[in-house]
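Trainee: Could we go through this model together, slowly? I would like to learn how to read it.
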Amino acid sequence: MIRYALVCSFGHEFEAWFSSSADYDVQNEKKLIACPLCEDHSISKQIMAPSVKSTKKKPALSDAKAFAAFAGKVREKIRDTHDYVGDKFADEALAMHRGEKDEKPIYGETTTQEAEALKDEGVPAAPLPPAFAPTPPKKLN
Ligand SMILES: [Zn+2]
């Protein structure tokens, strides 16, 4: 069995199982696949690798370990390439966005309100999931 992530012409994303990729091709050609939300028959595959159902079950621990290792690398990368600005993040990001300061990669903390304000201004800032957020350095420069 192959699971495909599909998308209709209206951008609704859904998943469906097929016995083979040829099975998907035939069903799609005959317009037998319908979007579960709008019943659109213009279906295409999303750009991603199909996940092939395996009979072997991976132990959950190795996935968790792999994720922890990956998250650690992301944290390291951010720490190495970004300057920590603490709770001045919103001020710094806004100043750079307005051209009052030279742009550089930064990370730090904001309140929810500050994050909303940045979004309203069109500042390209994104919240980090906790697993990817580096531990702040002890001393600020
Ligand atoms: Zn749809």
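Trainee: Which residue follows H3, and what is the sign of its phi?
Mentor: Helix H3 is followed by Gly 99, whose phi is positive, near 80°; helices (H or I, at least four residues) and strands (E, at least two) are DSSP runs, numbered from the N terminus. Residues are numbered from 1 along each chain as its sequence is written. Please keep in mind that this is a predicted model, where local features need pLDDT of at least 70 and side-chain atom pairs count only at pLDDT 80 or more, while totals for chains, interfaces and linings use all residues.

Trainee: Okay, and which residues of H3 are buried?
Mentor: In H3, which spans residues 89-97, the buried ones are Phe 89, Ala 90 and Ala 93, where buried means that 20 or more other C-beta atoms, placed from the backbone, lie within 10 Å of the residue's own.

Trainee: Why do they line one face of the helix?
Mentor: Seen down the axis of H3, the buried residues fall within an arc of 95°, so they line one face; the arc is that of the directions from the helix axis to the C-beta atoms.

Trainee: Switching topic, which residues form the largest nonpolar core?
Mentor: That core has six residues, namely Tyr 4, Leu 6, Cys 8, Tyr 24, Ile 33 and Ile 43, and its largest share, three residues, comes from strand S1 (residues 2-8). A nonpolar core is a set of buried Ala, Val, Leu, Ile, Met, Phe, Trp, Tyr and Cys residues joined through C-beta atoms within 7 Å.

Trainee: How many helices and strands are there?
Mentor: The protein has four helices and six strands, and along the sequence they follow the pattern β-β-α-β-β-α-β-α-β-α.

How values were computed: Buried ≥ 20, exposed ≤ 12 C-beta atoms within 10 Å, placed from the backbone.
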